[in-house]
Amino acid sequence: MSALALCLGTAERADAVPLDVPSGQSVDLHEVLLDETTGELWVRFRFLAPQIARDLAGITYEQAAPDMDHLCQTLALAYLRQHQLAPARVVISLSDREVPFGQADAAATQFFESYRPEGDNCIWEAF
């Protein structure tokens, strides 16, 4: 698995302001990864969303799905334009805790969605 971290380091995240999303949960951008392992560029936007934790019985997938759509549409597309990236896919992930990319953590709650960026839109693509 070959992914290149781009954008935010630990020091930058300390001052990060939570992003507004439809569910109202607290969501912070953790990292952006460029992934070229599939023969095409995928840009992965990884967010921390502590309220999706199973033990909190907080935000469900059904509540978080519009958040991922919103983050793709508002944050990811702007990022792609700013960095002149033209990926085949954008992946938005929410995790209740930091999990290193490509590693499993049975205790973590994670939600993922994949999108095809097309002009000014994120088109949902099933995994």
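**Helix α2 and its partners**

At 32% relative accessibility, Tyr-61 counts as partly exposed, because that category lies between the limit of under 20% for buried residues and that of over 50% for exposed ones. The structure in which this tyrosine sits is a predicted model. Tyr-61 belongs to helix α2, and this helix serves here as the guide through the rest of the chain.

The overall plan comes before the details. The chain contains two helices and six strands, and along the sequence these elements follow the pattern β-α-β-β-α-β-β-β. Of its 127 residues, 42% count as buried. The chain exposes about 7000 Å², of which carbon and sulfur atoms supply 52%. Among contacts with a separation of 6 or more, 60% are made by residues 24 or more positions apart.

Helix α2 runs over residues 61-82. With 22 residues, α2 reaches 30 Å from its first C-alpha to its last, which is close to the 32 Å expected at 1.5 Å a residue. The helix also has a kink of about 35 degrees, centred on Cys-72. Its buried residues are Ala-64, Ala-65, Asp-67, Met-68, Leu-71, Cys-72, Leu-75, Ala-76, Leu-77, Tyr-79 and Leu-80. A general property of helices helps in reading such a list: an α-helix has 3.6 residues a turn, so residues three or four places apart point the same way.

The residue at the centre of the kink also takes part in a covalent link. Cys-72 and Cys-122 form a disulfide, with their sulfur atoms 2.1 Å apart, and the count for the structure comes to one disulfide. The bond links distant parts of the chain, since Cys-72 lies in helix α2 and Cys-122 in strand β6 (residues 121-125), 50 residues apart. The torsion about the S-S bond is about -85 degrees, and the disulfide is therefore left-handed. Are the two cysteines buried or exposed? Cys-72 has a relative accessibility of 0% and counts as buried; Cys-122, with a relative accessible area of 14%, is buried as well.

Aromatic rings provide further links to α2. A search of the whole structure finds two aromatic pairs. One is formed by Phe-45 and Tyr-79, whose rings meet edge-to-face, 5.3 Å centre to centre and with 90 degrees between the planes. Phe-45 lies in strand β3 (residues 42-48) and Tyr-79 in helix α2, so this pair ties together parts that are 34 residues apart in sequence. Both Phe-45 and Tyr-79 are buried.

The other pair returns to the residue with which this account began. Tyr-61 and Phe-111 are likewise arranged edge-to-face, 5.5 Å centre to centre and with 85 degrees between the planes. Because Tyr-61 lies in helix α2 and Phe-111 in strand β5 (residues 110-118), the pair ties together parts that are 50 residues apart in sequence. Within this pair, Tyr-61 is partly exposed, whereas Phe-111 is buried, with a relative accessible area of 13%.

Beyond the helix the chain passes to Gln-84, which follows α2 and has a positive phi, near 50 degrees. This positive value occurs in a residue other than glycine. Gln-84 is found in the loop between α2 and β4 (89-95). Its relative accessible area is 74%, so Gln-84 is exposed.

Notes
Residues are numbered from 1 along each chain as its sequence is written. This is a predicted model: local features need pLDDT of at least 70, side-chain atom pairs count only at pLDDT 80 or more; totals for chains, interfaces and linings use all residues. Side-chain values use heavy atoms; hydrogens and water are left out. Helices (H or I, at least four residues) and strands (E, at least two) are DSSP runs, numbered from the N terminus. Buried means under 20% relative accessible area, exposed over 50%, partly exposed in between (1.4 Å probe, protein chains only). Rings of Phe, Tyr and Trp (its six-membered ring) pair if their centres lie within 6.5 Å; planes under 30 degrees apart count as stacked, over 60 as edge-to-face and the rest as tilted. Contact means heavy atoms within 4.5 Å. Accessible areas come from the Shrake-Rupley method with a 1.4 Å probe; for residues, only the protein chains shown count as cover. A disulfide is a pair of cysteine sulfur atoms within 2.5 Å. The expected span of a helix is 1.5 Å times one less than its number of residues. The bend at a residue is the angle between axes fitted to the seven residues ending there and the seven starting there.
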